[in-house]
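Dear colleague,

Please find the structure below for your examination. A short account of what was found in it follows.

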Amino acid sequence: MSLRQDRKNQLVHDALDAGAYKQALQLCNKRIKKGEKNDYLFAIKALILTLIKTGPSYEEALAIAKQLSAKTPPIDSIEVLTTTTKVWSMLGSEHAGEVAKMWERSVKAHPGDEALTREWLWGTVRILDWRGAQKAAMALQKNYPKRREYWFWAVLTCLLLHNSLPDSAVDKKLFGQLAYRMISKSRTDTPTDTTVVLPRAIQTSQEVGLYLEVLPYVAPDSATATKEALELLSSSNLGVDSKIGSGDWWGLVRRQLDLLEESGNWMEVWKACEDLLHGVEVKAKESAAAKTDGEADASEVAKKNDGARIPEAEGETKGRGDDWRVWEGFVKAAGELYNQENKDQGNKALEVILQHRETAKAGTSRNADLALVKFASLFHDHHEGPEGTPTLLEACKEYFTRTGTKSCCFEDLQNYLEMLEMSEKKEFLGFVEKHIEDMDADDEKSKISKTAAQINHHKFVYLLTISPLTITATSTSSEEEVIPKLNDFITSSLKIYVGALPLGSALLDTDNQYGDDAALLSIMGLVRLHLLHSSITSSSTSITAQAPLYQALIILEAIVSKSKHNYQALLLLVRLYLLLGAASLAVEIYPRLNIKQIQNDTLSHFLLTRISTILPAEKKVGAILNDAGRIYESSSSQTPNMLVLAFERGGYAQMMGFIEFSERVAGSVCRSMWEIERRRLDRLGPQQTNKIDDLETLDTVLKDDAVVWDNRDFGVLVNCETEHPPSIPAAEEGGEATKVQKKRFEELFRTSAPPGENWVKAFAVVEKLVVYCKAVITVTHDLPAPGPLSLQPENCTSILKKIQADPETTIEFTEPERDYIEFACLLTAMIQAAIAKDGVTIISSAEKAQSWLSSHTPSPDSVPSGEPEWNTLHAMHLYIDAAILVGAFVAPTLQSPLHKQLHKTIRPAITSLITAATAFHNALLTAASKISKAIADEDGSDKEQELVDRVLELEQGNVGRALRDMSIFGGVEKVVEGVRKIRRDVARAVDGGRKK
Amino acid sequence: MSSLRPFHALDLFRFNLTNLDVLTENYVPSFYLQYLAKWPTLCSVMESASGKIMGYILGKAEGEYTEWHGHVTAVTVAPDFRRLGLAKTMMDELERVTTTVYNGYFVDLYVRVSNRLAIDMYEGLGYSVYRCVQEYYSAGPGELEEDAYDMRKPMKRDKKRQSVRENGREFKVQPHEVY
């Protein structure tokens, strides 16, 4: 390519990078018109056409791609071939075969061009075309047998192709077998010593990993695969203790233990673990001996002269068995063997555990300590076990004694404490309380340790006595008992928090205060109090029910004022502000979480779920949504290159993970959710762009074979809930008690069920139809629209109806969303009838839609009762969107020139529907305005006073009293100010949904 | 309870306990994947008995001749699991792989000179300051640039202990000299 052409191409690329596709196309067309006819120019033009995404441009791109692919002699320019590959991939997966054909022709025509064949492989890897990749890799390994990596690339691509094919594919098995034969050959070629190594022999731990990946797919049954894998892992040249295997020693050891456990060979598991633990013992003894010989502490040496110690002989790096995976396997195997009457192994296991505990000083390695607890738990039910086995209660007590000042103590003991009998649980709590009382608190360090122990104690109290309490009102007597219990728990947690604040005077700005977890426990208690009051008053919006949430918010604001980066508190603030309808405050807090990169896929749901219907007028929401959506673009452009890198650098065992990561990001439920929210925001927000946008994301999710992944992280939020929730007694005598489903803490106070695959499919259909209607009016002036707008109204209706009919799927929707879908179905039926020129159905659908509007119209004369909260905002804005949909959906019915003959017949019904929609919209705005005004007028009113009184309840032992008394919360005036701030924000959120 | 295992690409969806932290950087996904593709055995995760990610380490092998070494790019432990020795376990593994797989002369890492807690911890693990890289950390809005200590620990191959320097804190270099 000449310099002049390079410069011209650069102009096209600049326009492309700036997203100015039409300008880029003009630049290409101008050059073609002037007679320039090089392949690259046509290839780039085709690529631009695929980005423009209209029916005609799609067809033109297809024609160019076909032309370039069929050229004789075949194209040999890597640049043209890779660009044309991109074009084919943009044209749809149905053309994947064309890519392989094009490259194959080119490679055949240039058999000695290694770079060309490699580029072929990279082109296919980047678009996850494993059939093409397999062909390219095979060509490489055949033509260049001396390059050992090509052999392994061929194995890998055979495996990836095998994995990507459906079970019904005839050649699936063939590729699995081929991968296995090739990697087996490598294993055979691997010598037992390392003197002579054949090029195709296995030489790295990643290649061992590849072998292990292939095995399960080709063995006749899982037992055979396990047997062969274990044989490999214990082999002298490739096993865990071999030179090659040692590269990924931990990975392979874990694999070996998993396989041994799967095969149920408990004696082997026991021996393997015992052997690994023996290494720890030797190491500990050596270390102790070295100390007594006068070796100074390493840190002291280092500090003294900036000199570092050289790691001891390789022996030190062996015997790294002090790992919970090893201990877990050891105890499990001992228990299994003991139950199989092999008592010896049980006895010896206890000896090993006790010996390790003796060697390790308290608090160094918790593994042996917890192993003792696990060991005791095995014999908890039948109270037998090797002589000297402590009871589970004794073991838990000992564990707390040694580890109680570490925050991980709670998580370590949680499951075991739940196994205890009720009386034992009480005894444990009493023991912990007494232990803490006896702890020194003479200096700051011991006070900090004591605070940590107190927090653990409170976590145990929550787990064992608070979490099992039902959050549903059952009888007055139980409430009388439960409410004071919760108040006690909350206030005593707050006392720990406040008491620990002076200890944090020297903490850095980036640290959290020592008592923060205690304050978080008080929030957990307050959420339970809110739920209980909601149940008693049969309303989550009564002042009694809402007051604990206001109290929680006041406490959380205090936490984050002292610990700026307490992310648990920040997440809880976002959730609680949303729950109360103070959505702007949630949006204001959110940036402090500093959510970046992939966290946008896992954590942004805490704020953004259904956000367009909660706060559509807030400009920041659009910016946050756009930001959250960027991860998908960057991942889709960068991850393919990482796949290529893993090939090149031999990271074979990572490959499956990379592919799954890439698929999970591409098909993430949040990706579609944010796209839907963005589009709704465009309709409901103050600045409507009214664009016909790229529908690629939503098109993908609507495909029959679409897989929607849920990568959201709900588990990050603090949780001390019991694994065994209580049963709710039957209301009537003789009825069966209802088992309460196990829930994490955050599930107790979600704004609503999280959207899933069905939610995104249903609303993707609505968005597709909106775009379809706009296209009909502005582009085609006809029904139905051609080209890429492939999803026709009849398909849309069937998807919506299917989702509506299944109770399993509708749980993802709120009640207003279910209503909205019903309304969308009526409007879709109207369009379908317009296509069929069926005037009668158009009229009947329009009438039904109108009737839906009347039944959902708020009464004009009354201010809606109850306090607004998130779902008031959600319903209001969603219904406003329903009214907006009417405008979008009726337009093509009326404007299509082909349906003029129908106009006269249908016009009255359509006009009536439009009028009803306008009235509906206005009624909603009026209601919003009334609610908003009512709240805004609350300043200094009796209603405000009632809420404040409730938040600051005077009664001794209540949370309100504690908030008054503890100066950290700023006293009465500050609390009133806090309550008022929240109420004003609720008023703003209700009013802020309206378009200005 | 803790268990060491290789870092997996899907851990990026699950490492929020560690990454919801002001001192832990969140990089683009390709940054992590690049490490996993190139140096898979130098990247590990510490997992709790219930499967939570308690901490992780990302490392690489780089340098030429006697500068060939293992480098700790990131090591982080979630707030609830600090002071349990998890960082040491992960560093031990990185050192082991540096020696047995890569045959490196030393392992090194960079730390802010103000991060006394981390410096103490690394010294406890046998690292010492080799040199001070001036203004290595770029400044955010309203902040000052900060120096870094390049801390090193000799491996078996460094028989002459060339990666240990007396008074390394006083040996100042410019950032461009270390790239």
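**Findings**

Arg4(A), Arg7(A), Lys30(A) and Lys34(A) together form a positive patch on the surface. Please note that the model is a predicted one. Of these patch residues, Arg4(A) belongs to helix α1 of chain A, which covers residues 3–17. Arg4(A) has a relative accessible area of 54%, and the limit for an exposed residue is over 50%, so Arg4(A) is classed as exposed.

Two further positions in chain A may be of interest to you.

The position of Thr510(A) is in the loop that runs between α23 (476–500) and α24 (516–536) of chain A. Its relative accessibility is 26%. Because this value falls between the limits of 20% for buried and 50% for exposed, Thr510(A) is described as partly exposed. Setting aside residues up to four places away in sequence, Thr510(A) touches His565(A) in its own chain, and Val22(B) and Leu23(B) in chain B. In addition, the C-alpha atoms of Thr510(A) and Asn566(A) are 9.0 Å apart, although 56 residues separate the two along the chain.

Ser493(A) is located in helix α23 of chain A. With a relative accessibility of 0%, Ser493(A) is under the 20% limit and therefore counts as buried. Which residues is Ser493(A) in contact with, leaving aside its neighbours within four places in sequence? They are His458(A), Ala518(A), Leu521(A) and Ser522(A).

Yours sincerely

Terms used. Residues are numbered from 1 along each chain as its sequence is written. Chains are lettered from A and ligands numbered from 1 in the order in which they are written. This is a predicted model: local features need pLDDT of at least 70, side-chain atom pairs count only at pLDDT 80 or more; totals for chains, interfaces and linings use all residues. Side-chain values use heavy atoms; hydrogens and water are left out. Patches are made of residues with over 30% relative accessible area and no salt bridge: like charges are joined within 9 Å, nonpolar side chains (Val, Leu, Ile, Met, Phe, Trp, Tyr) within 5 Å. Accessible areas come from the Shrake-Rupley method with a 1.4 Å probe; for residues, only the protein chains shown count as cover. A salt bridge is a side-chain nitrogen of Lys or Arg within 4 Å of a carboxyl oxygen of Asp or Glu. Lys and Arg count as positive and Asp and Glu as negative; His and the chain ends are not counted. The place of a charge is taken as NZ of Lys, CZ of Arg, CG of Asp or CD of Glu. Helices (H or I, at least four residues) and strands (E, at least two) are DSSP runs, numbered from the N terminus. Buried means under 20% relative accessible area, exposed over 50%, partly exposed in between (1.4 Å probe, protein chains only). Contact means heavy atoms within 4.5 Å.
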